[in-house]
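Please read the following account with the sequence and the model side by side. It proceeds from one helix to the strands, and then to the aromatic rings and the backbone.

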Amino acid sequence: MSLRLSTVILPYRRWHEGGRAAWTRAEQLGFHTAYTYDHLSWRTFRDGPWFGAVPTLTAAAGVTDRLRLGTLVTSPNFRHPVTLAKELISLDDISGGRVTLGIGAGGSGFDATALGQEPWTPRERADRFAEFVPLLDRLLREDAVSYEGDFYSAHEARNIPGCVQRPRLPFAVAATGPRGMRLAARFGQAWVTTGDPKLFENGTPEQSIQAIRGQAERLDDICAEVGRDMSGLNRVLLTGFTPDRNGPLESLNAFVDFAGRHAELGFTEIVIHWPIPDSPFAAEEKVFEQIAMEAPAQLR
């Protein structure tokens, strides 16, 4: 399989002031998928404009035809499986079956407290995630679901007619720990990583490669444990959070080298951030577009 190149477009611009243009340009540039973050607010963007993921993706579906669309990632921090399933089925229908759900356990950022709750511990996040994913899987596959769990309930929840994509839209499960990886192996059509966060500040690119190799090997072991055919599980790297930071976007050659080293680890999709001036994702737009148009052919 050729290495796929995708992008993530942060929802910080008004639709008619650059928002729409980015999504239509992403399709013109030939990206496989354009994702957006599913947060209520995020890091340094907290005090500026920030729009909802599902409405943004719905609007993007209306101005594109071929581009796949998705979240990277949705989490239980402020989502409930019953309401999320209804939104996803609607989005999948509007897009003509072009939606991928990136999903993760969430973190300790602003989303974790926006509803007035105390932030969950890593174990509490993992516990909820372990219940969230299987229930969402059922809600997207079955016409009617009833369920009583420790954290989530559903009472005769109806989701007719279901997804355009059968048996449901694909899950891309973000995980680095064993419990999350088991969910990726059991329910995912893809596994997502951003690398090892402990290496971001002071690690080296080579240390990052070794850490990601270790993550991929653990995933292989877990797939073997649960009887999952590894060839059916895509591997996605969301860039920008390894020690390389935005270095791979400095030139076409730099990106091809970076992506090629990760393709050797079995990655099937690399995701790069749409450039945002004066942010951690600043990059030259001309170089970004050159990478989008020319790198895939060099990575076949």
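In this predicted model, helix α4 covers residues 122-141. Its 20 residues reach 29 Å from the first C-alpha to the last, close to the 28 Å expected at 1.5 Å a residue. The buried residues of α4 include the hydrophobic side chains Phe129, Phe132, Val133, Leu135, Leu136, Leu139 and Leu140, and also Arg125, Arg128, Glu131 and Asp137. The buried residues of α4 pack against the helices α3 and α5 and against the strands β4, β5 (144-148), β6 (153-158) and β7.

Two of those strands, β4 and β7, belong to a closed barrel of 8 strands. The order around the barrel is β1-β2-β3-β4-β7-β8-β9-β10, and the pairing is parallel. From one strand to the next, the twist averages 25°.

Strand β4 (residues 99-103) may be taken as an entry point to the barrel. How many of the residues of β4 are buried? The count is 5 of 5. Val99, Leu101 and Ile103 on one side are buried, as are Thr100 and Gly102 on the other, and both faces of the strand are thus covered. Strand β3 (residues 68-74) runs parallel to β4 and is joined to it by 4 bridges, with Thr74 having Ile103 as its bridge partner in β4. Between these two strands the chain passes through helix α3 (residues 81-94), in a β-α-β crossover that is right-handed.

β4 also pairs in the parallel sense with strand β7 (residues 171-174), over 3 bridges; here Leu101 has Phe171 as its bridge partner. β7 is in turn joined to β8 by 3 bridges, again in parallel, and Val173 has Trp191 as its partner in β8. Ala172 is found in β7. Its relative accessibility is 2%, so Ala172 counts as buried. Leaving aside residues up to four places away in sequence, Ala172 touches Thr100, Leu101, Gly102, Ile103, Ala190 and Val192.

Helix α6 (residues 205-226) has 22 residues and spans 32 Å between its first and last C-alpha, close to the expected 32 Å at 1.5 Å a residue. Among its buried residues are Ile209, Ile212, Leu219 and Ile222, together with Gln215 and Cys223. The buried residues of α6 pack against α5 (178-187), β8 (190-193), β9 (234-238) and α7 (252-263). Just after α6, Gly227 takes a positive phi of about 75°. Helix α7 lies across β1 (4-8), β9 and β10 (269-273), and runs at about 140° to β10.

The aromatic rings form a further set of links. A pair of aromatic rings is described by the distance of the centres and the angle of the planes. The model holds 11 aromatic pairs. One of them, Phe31 with Trp274, is tilted, at 6.3 Å centre to centre and 55° between the planes. Phe31 lies in the loop between α1 (19-28) and β2 (33-36), and Trp274 in the loop between β10 and α8 (285-298), so this pair ties together parts that are 243 residues apart in sequence. Both residues are buried. In another pair, the rings of Trp42 and Phe281 have centres 6.0 Å apart and planes at 15°, so the pair is stacked. Trp42 comes from the loop between β2 and α2 (53-63) and Phe281 from the loop between β10 and α8; the pair therefore ties together parts 239 residues apart in sequence. Trp42 and Phe281 are both buried. Ring pairs link these two residues with Tyr12, Tyr37, Phe45, Trp50 and Phe241 into a cluster.

The backbone remains to be considered. Most residues other than glycine have a negative phi, and most peptide bonds are trans. The peptide bond from Leu72 to Val73 is cis, with omega near 0°, and Val73 is in strand β3. The bond from Ile160 to Pro161 is also cis, with omega near 15°; Pro161 is found in the loop between β6 and β7. Arg43, in the loop between β2 and α2, has a positive phi near 45°. With 52% relative accessibility, Arg43 counts as exposed. Arg245 also has a positive phi, of about 50°, and is in the loop between β9 and α7. Its relative accessible area is 34%, so Arg245 is partly exposed.

Note on methods:
Residues are numbered from 1 along each chain as its sequence is written. This is a predicted model: local features need pLDDT of at least 70, side-chain atom pairs count only at pLDDT 80 or more; totals for chains, interfaces and linings use all residues. Side-chain values use heavy atoms; hydrogens and water are left out. The expected span of a helix is 1.5 Å times one less than its number of residues. Buried means under 20% relative accessible area, exposed over 50%, partly exposed in between (1.4 Å probe, protein chains only). Contact means heavy atoms within 4.5 Å. Two strands pair if DSSP finds at least two bridges between them. A crossover is right-handed if, with the strands pointing away from the viewer, the path from the first strand over the helix to the second runs clockwise. Axes are lines fitted to C-alpha atoms, for helices over the stretch in contact, and angles run from 0 to 180 degrees between N-to-C directions. Rings of Phe, Tyr and Trp (its six-membered ring) pair if their centres lie within 6.5 Å; planes under 30 degrees apart count as stacked, over 60 as edge-to-face and the rest as tilted.
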